[in-house]
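Hi everyone, thanks for making time. I'd like to walk you through a structure today, so have a look at the screen and then I'll start.

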Amino acid sequence: MSSNSFSCHVIGLGAWGDYFDSWDSLAELLKSNDAVPEKVSGPKPQIIPANERRRAPLPVRLAVESSWQASQMAQIDPKALSCVFVSGFGDTQLTDYMCKVLASESKALSPTKFHNSVHNAAAGYWTISTGCEQSANSVAGFNNSVSVTLLEGMLQCIEENKPILLTFFDAPVSQILTDIMGPGDSFSCSLVIVPEGFSNKPDDAKKITATLEYISCEWPALNTRSDVLEASYKSNPSSRILPLLELLTNESNSGAIRLPLSEQTTLSVLVD
Amino acid sequence: MDVRIVDYESTSAAGVNIAALRESIQAQTSGLRLNDLSGSSLDTWIGRVSEVDDIQLGTWQSRNNALAALGLEQGTIKETMSRLIKRFSSARIGLVMGSSTSSIDRTESAYTELNSEGRLTKSYQQPLVHNPSAPSLFVAHYIGITGPALTINTACSSSAKVFATATRWLNSGIVDAVLVGGVDTLCLSVLHGFDSLQLVSPNPCKPFDQNREGINLGEAAGYAVLMRPEEAETDLDLLLSGYGESSDAHHMSHPHPDGLGAELSMTQALTMSGLEPSAIGYINLHGTSSRANDLIEGQLIERLFPKTTQCSSTKAWMGHTLGAAGITEGLIALDVLQTGVIPGSMNLENLDEQLNISIQAENKAAEVNHVMSNSFGFGGNNCTLLFSKVDNKNKGAV
């Protein structure tokens with residue numbers, strides 16, 4: 001049994017959302033004072049074969065695009081990456097489609113839409129497109145989706161001593177469900193993390209140390225002046241990765257945040 | 001590796017608890033019935049748990065949560081959890097649930113009762129229910145767990161993978177015990193979804209039979225309490241000795257033709273446990289009764305294990321319980337270590353002509369030390385679990 005602190009290095013990042021199409025553009029948006037960024041369309045991840053890409057739902061395309069960017073930056077073949085995909089909402093557009101058809105007389109579902117409706121569709125498309133035979137996880141944790149996935153991913157990285165791809169993604173909520181979920185938006189961010197002793201990590205790879213505390217806390221406020229990121233942070237469970245991303249773009253190269261993990265636990269994260 | 005199983009329970013059409021399941025297995029009584037799920041006239045057989053129908057949960061209401069609650073009321077799970085919460089504090093207990101439907105049954109119902117503006121009516125405005133982590137939110141609330149909680153949704157491997165995650169959490173020391181579970185309920189999405197893929201059988205399923213016609217869907221809840229050996233308070237002497245997790249990298253709904261990912265998950269589990277294939281006394285196969293799965297999985301077993309290794313699929317007892325199948329069948333395999341009764345592959349008449357493995361309809365009595373359970377899901381997501389008896393002399397795998 002070890003202590004309640006554990007460390008990994010971040011060696012790859014990727015991102016796609018309504019106003020950014022890469023980790024660099026998200027990092028810039030986090031630091032910028034510009035009021036109104038330009039909206040981007042897509043994504044159309046080239047790694048998914050064209051036939052499959054046409055059938056891939058938006059949450060899948062968001063997740064695969066940011067995952068691909070992060071693996072490229074990490075210079076690790078995706079075949080060597082175990083992965084954990086998390087979405088707090090799931091694919092609500094497909095939920096909406098299924099429930100509407102099932103409330104009708106015919107109940108005849110499209111087989112493609114049915115298999116795309118599984119929560120692990122993004123992990124499935126990713127492993128199929130990249131030929132990855134490693135373990136692929138697909139999880140959900142409601143408002144704590146980000147913190148509990150950080151915990152799960154870091155522990156897998158350390159306990160199994162291997163690089164892990166973590167992808168946090170959610171897409172706009174289907175209309176009927178907005179009454180209980182809010183509107184949501186497009187947001188996906190991926191991190192490639194490696195254990196401390198990993199041989200091929202760049203010298204400037206940032207180290208994240210997570211400590212479990214057995215007390216409750218509130219989600220921290222963002223420092224960014226970006227209204228669109230602020231709005232995303234409030235309405236998208238996966239955008240709750242933003243406080244950590246702010247630490248990773250921090251010019252002082254270090255800092256700490258505390259993220260709620262469960263009713264009585266907190267994940268304190270230190271970056272240096 | 002050595003993670004102890006200190007308590008476990010199972011609820012399905014084959015028995016509301018593990019004691020009733022043992023009786024069904026012993027007597028070879030199936031829980032399958034002609035489809036009578038409200039709202040569906042699909043011509044198939046299902047494994048419905050009728051005790052769920054009348055459970056009321058207020059703002060937590062969904063069929064899936066009702067089945068989760070019914071499962072938690074069985075055996076000694078609630079007592080075990082309250083004792084552990086008292087001993088370690090609720091924040092030092094983890095919860096990992098697996099599900100594929102979460103509470104989609106409730107969202108389906110909500111859509112049949114939208115108001116005149118096409119919006120959710122008041123009784124369906126349940127943010128904690130209409131989302132993929134509903135099972136862990138509900139079980140944490142029901143049991144009073146305040147430590148880390150997660151729901152794994154990897155289709156039909158979901159509640160096998162909960163054992164892998166719990167192992168990592170226990171080994172890291174962040175929690176002192178983990179309640180793992182799986183719960184999935186019959187709903188229109190799965191009945192009509194699998195029908196759209198032409199995988200549903202109009203007759204009771206016959207896993208591995210030459211004349212199998214497809215799957216029967218079922219519902220189940222299952223739970224196990226896992227601890228590190230040095231703190232485990234139990235005389236069960238059962239342990240999780242290995243797990244394997246892999247991907248097919250092939251297709252969203254068809255298994256890899258050579259069973260590549262399935263082979264990886266089985267060999268990983270064996271490597272982790274340090275056991276040879278010949279040490280495995282019983283394998284509970286994924287065995288959905290689909291043409292593709294059973295042939296590919298059977299051929300793989302033939303390639304990886306000695307001819308003498310006893311195998312069966314137990315899906316003719318309760319149907320394919322999807323996200324709950326991993327734990328339901330993992331616990332059936334685990335229970336063989338206790339009962340010495342290897343379940344047969346019920347409904348098997350003529351083994352698939354392309355297969356040559358030790359599988360038969362009848363149960364067999366045998367003293368077994370190590371068992372394996374396979375779970376394969378959509379997206380090519382595979383998980384294998386290995387359970388063993390504790391050898392008190394050597395404190396590890398026998």
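**Two chains and their cores**

Let's begin with how chain A is wired together. If you take its contacts with a separation of 6 or more, 72% of them are between residues 24 or more positions apart. Before I go on, please keep in mind that this is a predicted model.

What is chain A built from? Its secondary structure comes to 10 helices and 8 strands. The radius of gyration is 18 Å, and the globule rule gives 19 Å for 272 residues, so chain A is as compact as a globular protein of that length. If you'd rather think in box dimensions, its C-alpha trace spans about 60 × 40 × 40 Å along the principal axes.

Now, inside versus outside. Of the 272 residues in chain A, 63% count as buried. The chain exposes about 10400 Å², and carbon and sulfur atoms supply 46% of that. As for charge, chain A carries 19 positive and 30 negative side chains, with the centres of the two sets 6 Å apart.

On to chain B. How many helices and strands does chain B have? There are 11 helices and 16 strands. A compact globule with 398 residues would have a radius of gyration near 21 Å, and chain B agrees with that because its value is 20 Å. Its C-alpha atoms fill a box of roughly 65 × 50 × 40 Å along the principal axes.

We can run through the same topics here. In chain B, 69% of the 398 residues count as buried. Residues 24 or more positions apart make up 78% of the contacts with a separation of 6 or more. About 12300 Å² of chain B is exposed, with 48% of it coming from carbon and sulfur atoms. Chain B has 26 positive and 42 negative charges, and their mean positions are 5 Å apart.

Last stop: the nonpolar cores. Which residues touch the most other members of the largest one? That would be A:L191 and A:L245, in a core of 93 residues. Try finding A:L245 on your screen. Leaving aside residues up to four places away in sequence, A:L245 touches A:L13, A:W23, A:L26, A:L30, A:F187, A:C189 and A:L191. So that leucine pair is in direct touch, because contact means heavy atoms within 4.5 Å. There is also a second, separate core of 59 residues, and its members include A:V64 from chain A along with B:L120, B:L188 and B:I215 from chain B.

That's my tour, thanks for listening!

Key:
Residues numbered from 1 in each chain as written. Chains lettered and ligands numbered in written order. Predicted model: local features only at pLDDT ≥ 70, side-chain atom pairs only at ≥ 80, totals over all residues. Heavy atoms only, no water. Core = buried A, V, L, I, M, F, W, Y, C linked by side-chain atoms within 4.5 Å. Buried < 20%, exposed > 50% of the residue type's maximum accessible area, 1.4 Å probe, protein only. Helix = DSSP H or I, 4+ residues; strand = E, 2+ residues; numbered from the N terminus. Rg over C-alpha atoms; globule rule 2.2 N^0.38 Å. Areas by Shrake-Rupley, 256 points an atom, 1.4 Å probe, with all protein chains shown as cover. Lys, Arg positive; Asp, Glu negative; His and termini not counted. Charge placed at Lys NZ, Arg CZ, Asp CG, Glu CD.
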